[in-house]
Amino acid sequence: MAKAKKKNPGQLGLRMGLKDERLPKLFGVLLLICAVYLGVAFLSYLFTWKVDQDRVLRFSWKLLLADGPTVDNWLGRLGAFLSNFYIYYLFGLPSFGLIYLLWMLGLNRLRRQPLRLMGTLFVKVMLAILALAVLLEFAVGGWMQFPIGGGIGKYLVDHLTGVLGSFGVILLLLALVGLYLVFEARIDFNGSPRQIRTDIVDHFSERIRFRGKPSPERFDAPGTGSAFSAPSNPPLAPAAAPPPPKSAPGSLSPGDGSIFEVDGPELETDRDFEQPRGSQMKMPLDAVGDLTLVSHDPLSIGKDNLIIADGDTGIDTSLAVTEENQDHSEPYDPTLDLPSYESPHLQLLLDRESGKAEVDRAELETNKDQIIETLLNYKIEITKIRATIGPTVTLYEIVPAPGVRISRIKNLEDDIALSLAALGIRIIAPIPGRGTIGIEVPNKNPQMVGMREVLESEKFRTAKMDLPLVLGKTIKNEVLVADLAKMPHLLVAGATGQGKSVGINSIIMSLLYKKHPSQVKLVMIDPKKVELFPYAKLESHFLAFLPGQTEPITTETTKVIHILNSLCIEMDQRYDLLKKAAARNIKEYNEKFVARRLNPEKGHKFLPFIVLIIDEFADLIMTAGKEVEMPIARLAQLSRAVGIHLVIATQRPSVNIITGVIKANFPARIAYKVTAKVDSRTILDAGGADQLIGRGDMLLSNGGDVVRLQGAFIDTPEVEEVIDFIANQRGYVEPYLLPEYNTDEEMAGSSALTYADLDDMLEDAAKLIIQQQHGSTSMVQRRLKLGYNRAGRIMDQLEQLGIVGPAVGSKPREVLVYDEQELIRFIDDLRNRG
Ligand SMILES: Nc1ncnc2c1ncn2[C@@H]1O[C@H](COP(=O)(O)OP(=O)(O)OP(=O)(O)O)[C@@H](O)[C@H]1O
């Protein structure tokens, strides 16, 4: 990744001016060397302090250089002197913290990160050093010859014991620990002692693991895998020997001693949720390089107010590429726009300890017996049955005896459900890819899946995806993480009160926990005005909206139409940028930008992903119909390659809301419980959602495969905590603004079209249409190589000029001008009118 840097020899040495950016780097290297030197000296001090102490105590700085006494310290007299000075006179063992500080300062200078980043670290480390010195001195200082808390530790302890007494010092130390846990670790003391303990352990292990980096997870490599990284259900090969059951339920099925298993093996078969129909949309995403490799922003030299990367704030963005700035060959790092941004901590969420799903053995036995019995009543024999216990549902997978037709079992769905006397039985006959039948039976005691638990999961933390969404747990209790960027859009539907809003929150949370504000922007539309309202606080971090928009969450239909059309323009503009950069998709484009192969002066900029979230689009379709449906469809068809993705939700899953156009463009769909089978068909093109049990129980479909999931639960107060955590941090000075959009009426209202208003390509388009006598937007688009929106705008202008008639559905428009001469006269007139 790193490019070899060309050094101009003439610029070396004395000619390095004070403003030369190599100066801080040089300083950084020196600091790192000092840190290593001190580290080794301190380490040596642990072994040589006794012998050396007498010798160094007699030292003065002058004696250091003269032929003085020999010392044992591995780093000579200076090493012995410095280590003695810091450890003996100052902070004792915690002096090692100083080396850490020196090291971090060195790295900071080397990377030319803003110095102010060091401020907080300095204060924190110094406080920790002092507190530790006191603690160590107080706890063990009296018994040790080694100056464990150093001179300062000893002085403070003596002094404090005098003032407060020993017990008082203990209380003071406890108070310090308490303060740390409240302010720094943000431990929630509401939980059980066990929970608090786990939180504390988690906090420290996270600290140690990530050495205090804000959010290592956010440095994602480009996703190369499939959209979904949940294993599929375990195959049930009758011949294969399954692993030993965890709870040893033994052989429970009749006859041949077949195996009844609880919980299956950990299978890692990735499900590919690529858009099935969109071969033309499938952009191979090469795994070249790492988009957000930790790097250093050259724009940050001495500019503490560096906020916006695309530079209308007086920041010289040309630095990114121009030749004079050779040192800017380092990769561009968008996250340095907000360098101090910290991703939310997991501690903000409740630890719901769902633990392992537990189902009573008796419950399993009863269900199994009833399934076997019911099937036998209909003369259906089975050779094997096995159970996989999920958080809310248990899957009984049965292998019918040879010769039994699967359709017969499917037909008995209702009878089996009746005999098991439970709601929400779903029969999967056959389980795709296997000759088995699945019967899902709700557990008597369903387990809640907590948001924190799934965010904490290895699968989510290590997910290398562009837009990872952690949706919940599968029947096998495995966390399912999906990449919205590959879905590439998501339709969410379900009757009211079944978990949709919680689901939308968990989708948003996934992005907030994993992504930096520079990497993803959310456009939120909420006609109900309540669901997404709390997210308004994120306006200067994660939200994108129209210029002049007062409320960052859009609620009014007219504004929604503006925003959707504005997104279409953004999409076109992004396509133009991609074209200029000869990049096939946003990933390639951003890779080039990061590698500084694109010049910001030519309009190039780092493109964040944009996720449009519409909570309840039924209201919009009802009030604005095509005006909303068409831009949504247009975006859904084309926006994937430029990193715009849609999540649209509705509680009214009827055909007039989820229209054919919408469905065709949203292959990935989530269905929560619905009241009627027909609704399930509308959403999933299959039944099943009517048999769910609610409370986050859902089916996820990618246009073929259907996976049953228990959605992760997050409560509103937790959502608000996370939002506040982000909102309280410094955000961008200017929010991310979408392009302006003026409606036709506004344009018409302001004045009739003038010649200057006309699109540059309008004349060519008009000629083409008149020659062909065919008023089709797609023809204009194809023949003149224009984006859909631009072609659309040209057609609208042609309509306003009276050259073509109004749009009639998807049919070509009527052409109202018959020959080119007429057109030329027409345009000349317009030009003369000015
Ligand atoms: N994943 C989940 N796990 C457990 N319980 C859940 C889950 N999701 C939702 N619930 C329960 O269901 C209730 C309703 O959920 P939610 O508000 O998300 O439904 P909704 O479909 O959005 O309703 P509405 O359409 O009225 O907004 C929640 O208050 C919660 O008690």
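1. A helix axis here is a line fitted to the C-alpha atoms over the stretch in contact, and the angle between two axes runs from 0 to 180 degrees between N-to-C directions. With that in hand, take helix H22 (residues 762–772) and H23: their axes are 10 Å apart and the packing angle is about 120 degrees. Roughly perpendicular stops at 115 degrees and roughly antiparallel begins over 145, so H22 and H23 end up oblique to each other. The crossing of this pair is right-handed. One thing to keep in mind throughout: this is a predicted model.

2. Staying at H23 for a moment, the loop between helix H23 (777–784) and helix H24 (788–800) holds Lys785. Lys785 isn't a glycine, yet its phi is positive, near 55 degrees. Most residues other than glycine have a negative phi, which is the reason to flag this one. Is Lys785 buried or exposed? Lys785 is exposed, because just 10 other C-beta atoms lie within 10 Å, and the cut-off for exposed is 12 or fewer.

3. Arg596 makes a nice contrast. This residue also has a positive phi, about 60 degrees, without being a glycine. Arg596 sits in the loop between helix H15 (586–594) and strand E12 (609–615). Unlike Lys785, which is exposed, Arg596 counts as buried because it has 21 C-beta neighbours inside 10 Å. The threshold for buried is 20 or more.

4. The other helix pair I'd look at is H14 and H17. How closely do the axes of helix H14 (residues 557–580) and helix H17 (residues 626–638) approach? They come within 9 Å, crossing at roughly 25 degrees. Since angles under 35 degrees count as roughly parallel, that is what H14 is to H17. H14 passes H17 in a left-handed crossing, whereas the crossing of H22 and H23 is right-handed.

5. Lys580 belongs to H14 as well. Its 14 C-beta neighbours inside 10 Å make it partly exposed, because that count falls between the limits of 12 and 20. Along the chain, Lys580 and Lys602 are 22 residues apart, and their C-alpha atoms are separated by 9.4 Å.

6. Now the ligand. Its shell has 15 residues, and the closest are Gly499, Lys500, Ser501, Gly696 and Phe713. Sorted by class, the shell contains nine polar, four nonpolar and two charged residues. Which helix gives the most to this shell? That would be helix H13 (residues 500–514), with three residues.

7. H13 deserves a check of its own. At 1.5 Å a residue, its 15 residues should span 21 Å, and the end C-alpha atoms are indeed 21 Å apart, which agrees. As for cover, 15 of its 15 residues are buried. Past H13, Gln519 lies in the loop leading to strand E10 (520–525). Gln519 is buried too, because 23 other C-beta atoms lie within 10 Å. There's a long-range pairing to look at as well: Gln519 and Pro334 are 185 residues apart in sequence, but 7.4 Å apart in space, C-alpha to C-alpha.

8. One peptide bond to inspect is the cis bond joining Met487 and Pro488, with omega at about -5 degrees. Most peptide bonds are trans, which is why this bond gets a mention. Pro488 lies in the loop between strand E8 (479–483) and strand E9 (490–493).

9. Over to helix H3 (residues 76–91). The expected span for its 16 residues is 22 Å, and the end C-alpha atoms are 21 Å apart, which agrees. Several H3 residues are buried, including Arg77, Phe81, Leu82, Tyr86, Ile87, Tyr88 and Phe91. An α-helix has 3.6 residues a turn, so residues three or four places apart point the same way. Just after H3 comes Gly92, with a positive phi of about 65 degrees.

10. Last stop, helix H1 (residues 22–57), where Ser44 is found. Ser44 has 20 C-beta neighbours inside 10 Å and therefore counts as buried. That value sits right on the cut-off of 20 or more. How far is Ser44 from Asn73 in space? The C-alpha to C-alpha distance is 5.7 Å, with their positions 29 residues apart in sequence.

Terms used:
Residues numbered from 1 in each chain as written. Predicted model: local features only at pLDDT ≥ 70, side-chain atom pairs only at ≥ 80, totals over all residues. Helix = DSSP H or I, 4+ residues; strand = E, 2+ residues; numbered from the N terminus. Expected span 1.5 Å × (residues − 1). Near = placed C-beta within 6 Å. Nonpolar A, V, L, I, M, F, W, Y, C, P; charged D, E, K, R; others polar. Parallel < 35°, antiparallel > 145°, perpendicular 65-115°, else oblique. Left-handed = near helix turned anticlockwise from the far one by under 90°.
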